[in-house]
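Work through the exercises below with the sequence and the coordinates open. Each task is followed by a solution in steps.

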Amino acid sequence: MSQESLDIRFRRAVRRATGEVTVEVDGRPIAVGEEDTAAAAILLAGALPNRLSAVSGSPRAPYCMMGACFECLAEIDGVPLQQACLVQVADGMRIRTAKGSPT
Amino acid sequence: MSGETIDLAVVGAGPAGMAAAATAADLGLDVRLLDEQPWPGGQIHRGVDRLAGPKTTDDPDRAAGRALLHALRQSKADYRPRTCVWHVGPGDDGVFELGLRCDGAVALLRARHVLLATGSVERAMPIPGWTLPGVMTAGAAQSMLKASGLCPEGPIVMAGSGPLLYLCADQLAAVGADIRALLDTTPRGRYFRALRDLPAALRAPAVLRRGLGLLRAPARRGIPVHRHVEAVEAVGDLGVTGVRWRRGGRWDQTDCDHLLLHQGVQPHINLPRLAGCAMEWDDVQHCWKPETDDWGRSTVPGCWVAGDGAGIAGGEAASDFGRLAALGVAADLGALTREEAGRRATSHNRALAPLLAVRPFLDNLYRPDRAFMLPADGTLACRCEEMTAGDIRKAVADGCHAIEAVKQYTRCGMGACQGRMCGSTVPEVIADARGVPVSAVGTYSQRTPVKPLPLTELAKLDTVLNPPSTETAA
Ligand code: FES
């Protein structure tokens, strides 16, 4: 079963009272809740794989969402290898994933 | 470095940490509550401060979380979010030193007492394909729902064992998730064996009723539940496209975009281990936990452990364990007489009794199954260094018997996650290969920093940290 590209994503199921901000995931603007994490933005945008493993280059995606697994690493505002599940979004934040920067 | 020394540093703002910090601050102690997440609540009370959760079978947690948060905000405890603790250990003068990192800046904090309330992590479920995008833990999906109101889009399969799997299925279904199958891997015979612990569990009818309600919830929501599943595999290339499973010797499969795994939780012991706390093996929960007394005192003077990090008892129990530890610290510091601490402890112990009475039943029912702890040779055991179970078996065959030797040989446990993902699987595979009980293999030792830290940042610290204890249980 071979896949050309990946379209795995999350959707907003519960609307929230808090405000919205716009972040950029791989250059594309996306509206997120101001109290979402960068990992949530990645999942909403379907920007998977967000990283390729160091050893074999295999595709990876956020796994634990609690800071333990280090699978959610992404470049945030120019700083590489950030744990996206621990970073709160901010208006204008730029998130870059492996999907958006093919090697 | 500033010479500031506080009374108590609490690590982890889940139920144990929030309750402990508020209690200790109310007793007049100078308390700082450190947490890695941007918001308080830990995993169980994620998003408690902002999002109205979906209506599900299971709402009592939210009210409890709000009450804890309210007490914390009313107290004088100094709560510091986004703060990673990468070092903890006693300094030369017996005062604890904590290495912190917040928003890219490192700092050192000195505290007379430290309470580690770092909760639990989900036990790994190393099946073929478990690193594919689209596969995540059930707890992770639950976090996204609780904190951000997000739900996986498209067909979902859930697989594993334990109450959280059912709770998460129920919560996701409540917001319209398309759950195609729930594969319950609890082995046949477990229910029967757990029955002998049922009389004790009946002391906590409310807890039992809640559990039974959860077990029935997926079927009530029309989710097909397959029990006694023997094997699960994620299928896909760039990401998961389907799941295969074996039941009664027969393979079956379904397409999906998401696979959510869960195989119970275990104490998150990296910090207690680094601090030098003696560990003990819990045979029923099948995990290591720090040795503690009734107050949460560890074997290292001044270092306390409370909540699931001291042994799995659940979020409700964690807050009372946190309060007990706060009373213990206050008594040690003279902010409270021993008699008064003992008197106040009574009500917490009374609240804990039914929650603890139900544990043997739950723990025996959901004891992790060997089939899911001993992956086949070709399956990854370590996600960071990409080592398979076969690589570990080869290391043992080549003469690496101790866990530290296997670690050096394979680099398992030396990657970014510092063993948080492979820490349950690797000892299991070693024990199996050597034909010894897993308790004889021990657990990874921990070194500073317990979370990767850019060396340039570490260099900014002008204090040399004492090297932590590195002996192993093996
Ligand atoms: S998803 Fe595991 S560390 Fe972020």
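Lys451(B) has a relative accessible area of 7%, so this residue is buried. The model is predicted, and the exercises build on assignments of this kind.

**Exercise 1. A salt bridge across the sequence of chain B**

Task: Find which side chain meets Lys451(B) in a salt bridge, and state which parts of chain B the pair ties together.

Solution.
Step 1. The partner is Glu36(B), with an N to O distance of 2.8 Å.
Step 2. Glu36(B) lies in the loop between S2 and helix H2 (60–74) of chain B, while Lys451(B) lies in the loop between H14 and helix H15 (455–458), so the salt bridge ties together parts 415 residues apart in sequence.

**Exercise 2. Classifying a second pair**

Task: For the salt bridge between Arg80(B) and Asp78(B), decide whether Arg80(B) is buried, partly exposed or exposed, and do the same for Asp78(B).

Solution.
Step 1. The N to O distance of this pair is 3.0 Å.
Step 2. The cut-offs are under 20% for buried and over 50% for exposed, with partly exposed in between.
Step 3. Arg80(B) has a relative accessible area of 34%, so Arg80(B) is partly exposed.
Step 4. Asp78(B) has a value of 26%, so Asp78(B) is partly exposed.

**Exercise 3. The surroundings of Ala24(B)**

Task: Decide whether Ala24(B) is buried or exposed, and list its contacts beyond the neighbours within four places in sequence.

Solution.
Step 1. Ala24(B) belongs to helix H1 (residues 15–26) of chain B.
Step 2. Its relative accessible area is 0%, so Ala24(B) is buried.
Step 3. Its contacts outside that sequence window are Leu8(B), Leu29(B), Val31(B) and Ala326(B).
Step 4. Two of these contacts, Leu8(B) and Val31(B), stand opposite each other, Val31(B) being in S2(B).
Step 5. Strand S1 (residues 5–11) of chain B runs parallel to S2(B), and four bridges join them.
Step 6. Strand S2 (residues 31–34) is covered on both faces: Val31(B) and Leu33(B) are buried on one side, Arg32(B) and Leu34(B) on the other.

**Exercise 4. Helix H14 of chain B**

Task: Find how many residues of helix H14 (residues 425–434) are buried, and identify what they pack against.

Solution.
Step 1. Seven of the 10 residues are buried, so the helix is largely enclosed by the rest of the structure.
Step 2. The buried residues are Thr425(B), Val426(B), Pro427(B), Glu428(B), Val429(B), Ile430(B) and Ala431(B).
Step 3. They pack against strand S21 (380–382), helix H12 (389–397) and helix H13 (403–410) of chain B.
Step 4. After H14(B) comes Gly435(B), which has a positive phi near 70°.

**Exercise 5. The interface of chains A and B**

Task: Describe the interface by its contacts, its buried area and the elements that chain B supplies.

Solution.
Step 1. Chain B places 53 residues in contact with 44 residues of chain A.
Step 2. The two chains bury about 4,300 Å² between them, and 61% of this is on carbon and sulfur atoms.
Step 3. Leu150(B), Leu238(B) and Glu386(B) supply 13% of the area that chain B buries against chain A, more than any other three residues.
Step 4. There are 17 residue pairs in polar contact between the chains, with both residues at pLDDT 80 or more.
Step 5. Elements of chain B that each supply at least two residues to the side touching chain A include helix H3 (138–148), strand S9 (150–152) and strand S13 (229–236).
Step 6. H3(B) gives the largest share, six residues.
Step 7. By class, this side of chain B has 28 nonpolar, 14 polar and 11 charged residues.
Step 8. S9(B) also pairs with strand S1 (residues 10–12) of chain A, antiparallel and over three bridges; Leu150(B) is the bridge partner of Arg12(A) there.

**Exercise 6. The salt bridge between the chains**

Task: Identify which residues form the salt bridge between the chains, and place it in its network.

Solution.
Step 1. The count between chain B and chain A is one salt bridge.
Step 2. Glu71(A) and Arg383(B) form it, at 2.8 Å from N to O.
Step 3. Glu71(A) also forms a salt bridge with Arg51(A), whose closest N and O atoms are 2.7 Å apart.
Step 4. Arg51(A) lies in strand S4 (residues 51–52) of chain A and Glu71(A) in the loop between strands S5 (59–60) and S6 (73–76), 20 residues apart.
Step 5. Both Arg51(A) and Glu71(A) are buried.
Step 6. The network of salt bridges links Arg51(A), Arg60(A), Glu71(A) and Arg383(B).

Definitions and conventions. Residues are numbered from 1 along each chain as its sequence is written. Chains are lettered from A and ligands numbered from 1 in the order in which they are written. Side-chain values use heavy atoms; hydrogens and water are left out. Contact means heavy atoms within 4.5 Å. Buried area is the accessible area (1.4 Å probe) that two parts lose on being put together, summed over both. A salt bridge is a side-chain nitrogen of Lys or Arg within 4 Å of a carboxyl oxygen of Asp or Glu. A polar contact is a pair of N or O atoms within 3.5 Å; within protein, one must be able to donate a hydrogen and the other to accept it, and residues adjacent in sequence count only if both atoms are side-chain atoms. Ala, Val, Leu, Ile, Met, Phe, Trp, Tyr, Cys and Pro count as nonpolar, Asp, Glu, Lys and Arg as charged, and the others, Gly among them, as polar. Two strands pair if DSSP finds at least two bridges between them. Buried means under 20% relative accessible area, exposed over 50%, partly exposed in between (1.4 Å probe, protein chains only).
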